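Me: I've got a model open and want to check the labels people put on its contacts. Can you walk me through the reasoning?

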Amino acid sequence: MKRRQERLLIYVYIAMVMLCLYLNYWTMTDMANILVNAGLFLVVGIIFVHAFMCFRDVNRIMQSLDGVSRQIREDFDEEHVFLWKRYQEQEICFGVAELNTRYKEYQREMKRLAVNVENGYKCSIEDYINRDVIDKAIDRSMMNLVAGTMTGLGILGTFIGLSFGLQSFSTGTAQEISDSIGPLMEGIKVAFHTSIYGMVFSLCFNYVYRRKLDDANRAMDSFLEVHQRYVIPDNRNDSINMLLAYQRQLLEEMRDMTEGMEKRISQEINQAMTLQLEGKADGIQRK
């Protein structure tokens with residue numbers, strides 16, 4: 001429930017609609033100004049509907065990742081060993097088609113590599129399940145433009161309202177100027193109102209969107225950490241272990257080579273000294 005920040009957008013939207021009705025309809029504002037505000041709210045409503053669909057998908061992904069992370073911890077508490085031997089055949093149900101497909105691809109690749117947990121190469125779960133899943137679900141490339149778009153809509157409404165007001169403004173006689181002040185003020189009114197709506201929508205949406213994105217990324221990072229800790233070590237730690245094992249192997253081979261060379265040199269020296277002593281002994285006997 002704490003992740004349902006998008007509800008704030010509903011409350012803000014309803015509040016702005018009520019404010020718009022009070023400032024424009026109930027005070028008998030010009031119909032053209034009402035249409036400008038209605039157009040603004042219609043566009044914002046369409047954007048919010050798309051955003052809610054994206055947030056719904058992200059909520060499902062977060063719930064799925066949290067559930068799988070909890071399952072992995074519980075399984076590790078029961079067995080107290082790395083869980084890959086169990087999970088390489090067992091199907092983990094994320095409840096989200098995208099995550100299920102990616103994890104199956106990860107399992108197939110791990111089987112293809114015939115992984116050796118201690119010293120062999122293996123792919124990383126992060127190569128398949130990562131923040132790209134979140135970005136795709138939330139339509140990040142599109143959502144990054146929404147806050148600026150709403151601000152732009154407010155500015156656009158400002159200029160439209162000023163245009164309506166100035167269109168009927170007359171610089172003729174004093175009576176004509178007096179008669180045109182009313183329409184001018186109506187245009188200025190809608191100009192300021194649309195700016196307020198656009199800024200409020202932009203600020204609220206940006207807050208909700210950033211919070212949602214941060215929560216989703218934290219859920220993804222938590223899952224990756226749990227998987228790399230309890231299911232199979234990540235590649236970085238495993239590569240370090242492989243490097244250390246290779247260094248130990250080199251040291252052992254160099255030690256064996258040194259010991260072998262020492263034995264050969266010692267044997268050759270002994271043989272040379274023996275031959276030399278035998279030659280001297282033969283010479284002494286001949287004399």
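Reply: Sure. Rings of Phe, Tyr and Trp pair if their centres lie within 6.5 Å. Ring pairs of this kind link Y13, F41, F48, F55, Y197, F201, F205 and Y209 into a cluster. Keep in mind that this is a predicted model, with an average pLDDT of 78 for the chain.

Me: What makes F48 and F201 an edge-to-face pair?

Reply: Their centres are 5.8 Å apart and the planes stand at 90°. The cut-offs are within 6.5 Å for a pair and over 60 degrees for edge-to-face, so both are met. F48 lies in helix α2 and F201 in helix α8, so the pair ties together parts 153 residues apart in sequence.

Me: Why is K212 said to sit over the ring of F55?

Reply: The charged end of K212 is 5.9 Å from the ring centre, and the limit is within 6 Å, along with an angle within 35 degrees of the ring normal.

Me: How do you know that K212 and E6 form a salt bridge?

Reply: N to O is 2.9 Å, and the rule asks for within 4 Å, so the pair qualifies. K212 is in helix α8 and E6 in the segment before α1, so parts 206 residues apart in sequence are tied together.

Me: Why is D215 called buried or exposed, and what about R218, its salt-bridge partner?

Reply: D215 has 9% relative accessibility, and buried means under 20%, so D215 is buried. R218 reaches 51%, and exposed means over 50%, so R218 is exposed.

Terms used
Residues numbered from 1 in each chain as written. Predicted model: local features only at pLDDT ≥ 70, side-chain atom pairs only at ≥ 80, totals over all residues. Heavy atoms only, no water. pLDDT = per-residue confidence, 0-100. Phe/Tyr/Trp six-rings, centres within 6.5 Å; stacked < 30°, edge-to-face > 60°. Helix = DSSP H or I, 4+ residues; strand = E, 2+ residues; numbered from the N terminus. Salt bridge = Lys/Arg side-chain N within 4 Å of Asp/Glu carboxyl O. Buried < 20%, exposed > 50% of the residue type's maximum accessible area, 1.4 Å probe, protein only.
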